[in-house]
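Biologist: I would like a close look at one part of this model. Please take me through how the helices pack, step by step.

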Amino acid sequence: MTGIRVRRAGRLGLVLFAMVAFGLFMLPWFRGDGGEGTTNGLDLVYVEPALPGTPNPLTQYFLELAPLPAYVGLLLAFTVAVRRRWAWIVAVVVVVLAAVLTAASAAGLLAGVEDYWEPAEVARYRLFALVTAALAVVLLAAAGTLAVGLRHVYHGFVVALLLAFTAFHLVNVAILAGQAVGQRMTLTAWLPAPAYLLAAGCAVLAATGAALAERSEPAATPAPVGQPAVRA
């Protein structure tokens with residue numbers, strides 16, 4: 001019973017913090033000049049003109065696709081430590097959906113390339129698309145892992161991905177804070193990173209609870225021919 005409670009608490013926390021991270025992108029991240037107008041986490045491309053020169057590739061990639069980890073994290077939050085067969089099937093479909101969303105983001109990056117761009121900028125966006133497509137492939141592999149029943153491996157993947165999202169967000173917000181535009185940055189811009197981190201912790205808790213619950217389940221006892229097996 002303890003394992004089940006730990007699993008439920010972990011799943012609840014995971015979904016909650018994933019929703020918090022997603023919701024934070026809709027709040028103001030940068031104040032406008034003179035305090036007028038704001039830029040939220042969904043429109044960070046409008047921050048790039050305020051940066052001195054061309055931003056480094058990592059920061060420019062962040063400005064283009066900062067919300068993608070929040071979308072993916074929110075979808076994956078519902079796939080951890082599921083038990084019933086129907087929920088397991090739905091979880092696999094949801095992971096595939098996350099992969100499709102990521103692949104669509106990669107296609108969007110390629111579609112945004114203009115003919116008049118410098119070759120270096122075109123090459124940079126092609127690299128961004130390649131990295132994003134690679135993440136989509138990894139998500140498809142994770143869906144396959146979950147589909148064949150390797151749940152512990154899948155749970156480890158989700159935790160590692162959330163930790164990577166934490167580092168990716170924190171490093172890039174810190175870089176932006178060091179620029180002149182950082183003077184207009186709000187506290188909200190920092191908060192998705194701890195939300196991802198707490199979600200990762202809850203994913204560990206949910207996976208641990210699921211493992212404890214599996215070990216504590218009584219084994220099925222043999223039954224006479226023609227009758228279903230029963231648990232002690």
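Modeller: What follows starts with the whole chain and then goes helix by helix.

This is a predicted model. The protein chain has seven helices and four strands. Along the sequence they follow the pattern α-β-β-α-α-α-α-α-α-β-β. The C-alpha trace spans about 75 × 35 × 20 Å along its principal axes. Of the 232 residues in the chain, 43% are buried. Now take the contacts between residues at least 6 apart in sequence. Of these, 70% join residues at least 24 apart.

Now to the helices. Two packed helices are described by the angle between their axes and the distance between the axes. Keep both numbers in mind for each pair.

Take helix H5 as the centre of this tour. Helix H5 covers residues 119-147. How far should its 29 residues span? At 1.5 Å a residue, the expected span is 42 Å. The C-alpha atoms at the two ends of H5 are 42 Å apart, so the expectation and the model agree.

Which residues of H5 are buried? They are Val122, Tyr125, Phe128, Ala129, Thr132, Leu135, Ala136, Leu139, Ala142, Ala143, Thr145 and Leu146. Look at the spacing in that list. An α-helix has 3.6 residues a turn, so residues three or four places apart point the same way. The buried residues of H5 pack against four helices: H2 (57-65), H3 (68-77), H4 (85-111) and H6. Just after H5 comes Gly149, with a positive phi of about 95°.

Look at one of those partners, H2. The axes of H2 and H5 are 11 Å apart, and the helices pack at an angle of about 65°. Their crossing is right-handed. On the H2 side, the contact uses Pro57, Gln60, Tyr61, Glu64 and Leu65. On the H5 side, it uses Glu121, Arg124, Tyr125, Phe128, Val131 and Thr132. By class, this contact has six nonpolar, two polar and three charged residues. Tyr125, Phe128 and Thr132 are also among the buried residues of H5.

Next, H3 and H6. Their axes come within 11 Å and cross at roughly 155°. H3 and H6 are therefore roughly antiparallel to each other. The cut-off for that word is an angle over 145 degrees. H3 passes H6 in a left-handed crossing. Pro69, Val72, Gly73 and Leu76 of H3 make the contact with Tyr154, Phe157, Leu161, Leu162, Phe165 and Phe168 of H6. Nine of these residues are nonpolar, one is polar and none is charged.

Past H3 comes a loop. Ala81 lies there, between H3 and H4. Its phi is near 60°, a positive value in a residue other than glycine. Most residues other than glycine have a negative phi. Is Ala81 buried or exposed? Ala81 counts as buried, because its relative accessibility is 2%.

Stay with H6 for one more residue. His169 sits in this helix, which runs over residues 151-177. His169 has a relative accessibility of 2%, so His169 counts as buried. What is in contact with His169, leaving aside neighbours within four places in sequence? The partners are Phe25, Trp29, Phe62, Ala189, Trp190, Pro192, Ala193 and Tyr196.

Now move to the two ends of the helix list. Helix H1 covers residues 2-24, and helix H7 covers residues 192-216. They pack at an angle of about 160°, with their axes 7 Å apart. H1 and H7 are therefore roughly antiparallel to each other. Their crossing is left-handed. The contact of H1 with H7 has 21 nonpolar, four polar and two charged residues.

One residue of H1 leads back to the part we have already seen. Phe22 lies in helix H1. Phe22 counts as partly exposed, because its relative accessibility is 24%. Not counting residues up to four places away in sequence, Phe22 touches Ala70, Tyr71 and Leu74. How far apart are Phe22 and Val72 in sequence and in space? They are 50 residues apart in sequence, and 9.5 Å apart in space, C-alpha to C-alpha. Val72 is one of the H3 residues in the contact with H6.

Technical notes. Residues are numbered from 1 along each chain as its sequence is written. This is a predicted model: local features need pLDDT of at least 70, side-chain atom pairs count only at pLDDT 80 or more; totals for chains, interfaces and linings use all residues. Side-chain values use heavy atoms; hydrogens and water are left out. Axes are lines fitted to C-alpha atoms, for helices over the stretch in contact, and angles run from 0 to 180 degrees between N-to-C directions. Angles under 35 degrees count as roughly parallel, over 145 as roughly antiparallel, 65 to 115 as roughly perpendicular and the rest as oblique. A crossing is left-handed if the near helix is turned anticlockwise from the far one by less than a right angle, and right-handed if clockwise. Ala, Val, Leu, Ile, Met, Phe, Trp, Tyr, Cys and Pro count as nonpolar, Asp, Glu, Lys and Arg as charged, and the others, Gly among them, as polar. Buried means under 20% relative accessible area, exposed over 50%, partly exposed in between (1.4 Å probe, protein chains only). Contact means heavy atoms within 4.5 Å. The expected span of a helix is 1.5 Å times one less than its number of residues.
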